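Thanks, everyone, for making the time. I would like to walk through one model with you, beginning at a single residue and working outwards from there.

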Amino acid sequence: MTEEEMNMKEEEKTLSEEEMNGKTASEGEQNAEEEAPKEKTVEEKLEEAEAQIEELKKQMLYKAAEFDNYRKRVMQEKAELIRNGGTKVITTILPILDDLDRAQQTMEKLEDVKACKEGVELIIDKFLKLLKQEGLEKMDTVGKDFDTDYHEAIAMVAAGEEKKGKVIDCVMDGYTLNDKVIRHAKVAVGE
């Protein structure tokens with residue numbers, strides 16, 4: 001073979017290799033396009049986002065309505081508790097009120113003051129016992145150190161050095177309900 005023919009064969013060989021490589025490259029590109037998910041258009045992305053926004057709006061409105069209903073129910077229950085909260089205490093006091101009515105009727109007919117006094121003392125003891133069961137405690141004040149958390153000073157009394165800063169006299173008793181002061185004791189304090 002001549003040199004020219006050899007060059008031609010080499011060119012053909014080179015061309016056929018390039019064609020093969022070209023086909024392989026284009027086939028690879030087609031396979032890559034098929035394997036990779038298609039890129040979504042801007043419109044498709046916008047539609048998805050709008051759909052998601054609508055769903056979130058619906059959820060938010062539902063939750064807001066649910067919370068509003070909860071708030072109304074709690075306020076209604078609270079108002080009901082305030083309105084009827086004293087029912088338990090009142091029903092426990094009613095027997096004492098009955099006892100006081102009977103004592104009043106008896107006092108009109110009774111001539112023995114001592115028996116009447118004993119009856120009223122029993123009613124008072126019963127009443128104090130009931131209040132203690134509900135958590136009411138009377139403060140013990142006389143002779144104690146003056147404490148602004150429990151006492152209200154209404155007078156200063158001259159006293160010896162040992163009674164300085166102490167409660168000398170209790171003018172009005174103080175009370176705690178379940179360890180919370182509901183009425184301060186009005187006291188006279190030594191100075």
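Cys116 counts as buried, because its relative accessibility is 18% and the cut-off for buried is under 20%. I should say at once that what we are looking at is a predicted model, so please hear every value that follows as something computed from predicted coordinates. Cys116 sits in helix α4, and, if we set aside its neighbours within four places in sequence, Cys116 is in contact with Met107 and Leu110. One further distance is useful here: between Cys116 and Ala103, which are 13 residues apart in sequence, the C-alpha to C-alpha separation is 7.4 Å.

That leads to the helix pair. How do α3 and α4 pack? Helix α3 covers residues 87–109 and helix α4 covers residues 113–133, and the two pack at an angle of about 170° with their axes 10 Å apart. At that angle, α3 is roughly antiparallel to α4, because angles over 145 degrees are put in that class. On the α3 side, the contact is made by Thr92, Ile93, Pro95, Ile96, Asp99, Leu100, Ala103 and Met107; on the α4 side, Cys116 takes part together with Ile123, Lys126, Phe127 and Leu130. Sorted by class, this contact of α3 with α4 has 10 nonpolar residues, one polar residue and two charged residues. So Cys116, Ala103 and Met107, which I mentioned a moment ago, are all named in this helix contact.

Let me turn to the strands. An open sheet is formed by three strands in the order β1-β4-β5, and the pairing is antiparallel. As a reminder of the general picture, the strands of a sheet pair through backbone hydrogen bonds, either parallel or antiparallel. The edges of this sheet are β1, at 136–138, and β5, at 180–183, each of which pairs on one side only. Direction ignored, neighbouring strands of the sheet are turned by 35° against each other on average. Looking more closely at one pairing, β1 and strand β4, residues 175–177, run antiparallel and are joined by three bridges, and Leu136 stands opposite Leu177 in β4.

Which residues in the loop between β4 and β5 have a positive phi value? Asn178, placed in that loop, has phi near 50°, and Asp179, also placed in the loop between β4 and β5, has phi near 65°; each is a positive value in a residue other than glycine. Are these two residues buried or exposed? Asn178 counts as exposed because its relative accessibility is 56%, and Asp179 counts as exposed because its relative accessibility is 76%, where the cut-off for exposed is over 50%.

Finally, the chain as a whole. The protein chain has four helices and six strands, which follow the pattern α-α-α-α-β-β-β-β-β-β when read along the sequence. Of its 191 residues, 11% count as buried, and Cys116 is one of the residues in that class. The exposed area of the protein chain is about 16,400 Å², with carbon and sulfur atoms supplying 55% of it. Among contacts between residues at least 6 apart in sequence, 61% join residues at least 24 apart. I will stop there and take questions.

Definitions and conventions:
Residues numbered from 1 in each chain as written. Predicted model: local features only at pLDDT ≥ 70, side-chain atom pairs only at ≥ 80, totals over all residues. Heavy atoms only, no water. Axes fitted to C-alpha atoms, helices over the stretch in contact; angles between N-to-C directions. Parallel < 35°, antiparallel > 145°, perpendicular 65-115°, else oblique. Contact = heavy atoms within 4.5 Å. Nonpolar A, V, L, I, M, F, W, Y, C, P; charged D, E, K, R; others polar. Pairing = 2+ DSSP bridges. Buried < 20%, exposed > 50% of the residue type's maximum accessible area, 1.4 Å probe, protein only. Areas by Shrake-Rupley, 256 points an atom, 1.4 Å probe, with all protein chains shown as cover.
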